[in-house]
Amino acid sequence: MWLTRFAITRPVITIMFFIGLAVYGVMSYFSLGVSLFPNVAFPVAFVVIGYPGAAPAEMEKLIVKPIEDQLDGMENMDQMRAVIQEGQAVVVARFKLDTDLNYETIDVQRRVDTARVNMPSDL
């Protein structure tokens, strides 16, 4: 109740306060930095596999599927996809934005090494 009474009895002070607040807001708006291309590093890990002469179905069954099975249980993974061509494959693991990529790449490498036990020896 005292705030309403103060605003009614002293309108000049109240108006000056809100004008000052509006001027401060306009000045703050124009001093904001805007970047069209901000420096953002997306945490993505790539696993590139080469197996010359292998058909895409063979690559999927013998190589990509075991790697995907190992990487599937990672806790900060956002999305995983694989692109398979004749003789080569790429598995892309995308992580959440606040993930430490140094730790996750070590974990990806460890999991790929674990999956490599069941893969062909000439890979």
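The following is a conversation between a student and a tutor about a predicted model of one protein chain.

Student: How do you know which values can be used in this model, and how are the residues numbered?

Tutor: Because this is a predicted model, local features need pLDDT of at least 70 and side-chain atom pairs count only at pLDDT 80 or more, while totals for chains, interfaces and linings use all residues. Residues are numbered from 1 along each chain as its sequence is written, and side-chain values use heavy atoms, with hydrogens and water left out.

Student: What makes a stretch of the chain a helix or a strand, and how many of each are there?

Tutor: Both are DSSP runs numbered from the N terminus, a helix being a run of H or I with at least four residues and a strand a run of E with at least two. By that definition the chain has 4 helices and 3 strands, and from the N terminus on their order is α-α-β-α-β-β-α.

Student: How do you know whether the chain matches a compact globule?

Tutor: The radius of gyration is taken over C-alpha atoms, and the globule rule is 2.2 Å times the number of residues to the power 0.38. For 123 residues a compact globule would have a value near 14 Å, but the chain has 29 Å, so the chain does not match that rule. The C-alpha trace spans about 90 × 30 × 25 Å along its principal axes.

Student: Why is Met59 called buried?

Tutor: Buried means under 20% relative accessible area, exposed means over 50%, and partly exposed lies in between, with a 1.4 Å probe and protein chains only. Met59 has a relative accessible area of 0%, which is under 20%, and therefore Met59 is buried. Across the chain, buried residues make up 24% of the 123 residues.

Student: What makes a residue a contact of Met59, and which residues are in contact with it?

Tutor: Contact means heavy atoms within 4.5 Å. Met59, whose place is in helix α3, is in contact with residues including Ile49, Tyr51, Val64 and Ile84, once its neighbours within four places in sequence are left aside. Met59 and Ile49 are 10 residues apart in sequence, and their C-alpha atoms are 9.2 Å apart in space.

Student: Why is Phe46 called exposed?

Tutor: The relative accessible area of Phe46 is 56%, which is over 50%, and so Phe46 is exposed. Phe46 lies in strand β1 (residues 44-50), and, leaving aside neighbours within four places in sequence, Phe46 is in contact with Val90, Val91 and Val92.

Student: What makes Asp69 and Lys65 a salt bridge?

Tutor: A salt bridge is a side-chain nitrogen of Lys or Arg within 4 Å of a carboxyl oxygen of Asp or Glu. The closest N and O atoms of Asp69 and Lys65 are 3.3 Å apart, which is within 4 Å, and therefore the pair forms a salt bridge. Side chains of opposite charge can pair when their charged atoms come close. Asp69 and Lys65 both lie in helix α3 (residues 56-71), 4 residues apart, about one turn of the helix. Asp69 is partly exposed at 47% relative accessible area, and Lys65 is partly exposed at 44%.

Student: How do you know that Arg94 and Asp78 form a salt bridge, and where in the chain do they lie?

Tutor: Their side chains meet at 3.2 Å, N to O, so the distance satisfies the rule of within 4 Å. The pair links distant parts of the chain, with Arg94 in strand β3 (residues 88-95) and Asp78 in strand β2 (residues 77-85), 16 residues apart. Arg94, at 36% relative accessible area, is partly exposed, and Asp78, at 46%, also counts as partly exposed.

Student: Are Arg111 and Asp107 buried or exposed, and what makes them a salt bridge?

Tutor: Arg111 has 17% relative accessibility and Asp107 has a relative accessible area of 10%; both values are under 20%, so both residues count as buried. The closest N and O atoms of Arg111 and Asp107 are 3.4 Å apart, which is within 4 Å and therefore a salt bridge. Arg111 and Asp107 are 4 residues apart in helix α4 (residues 101-115), separated by about one helical turn. Asp107, Arg110 and Arg111 are linked in a network of salt bridges, and by this rule the count for the chain comes to 4 salt bridges. Arg111 also touches Gln70, Leu71, Gly73 and Met74, not counting residues up to four places away in sequence.
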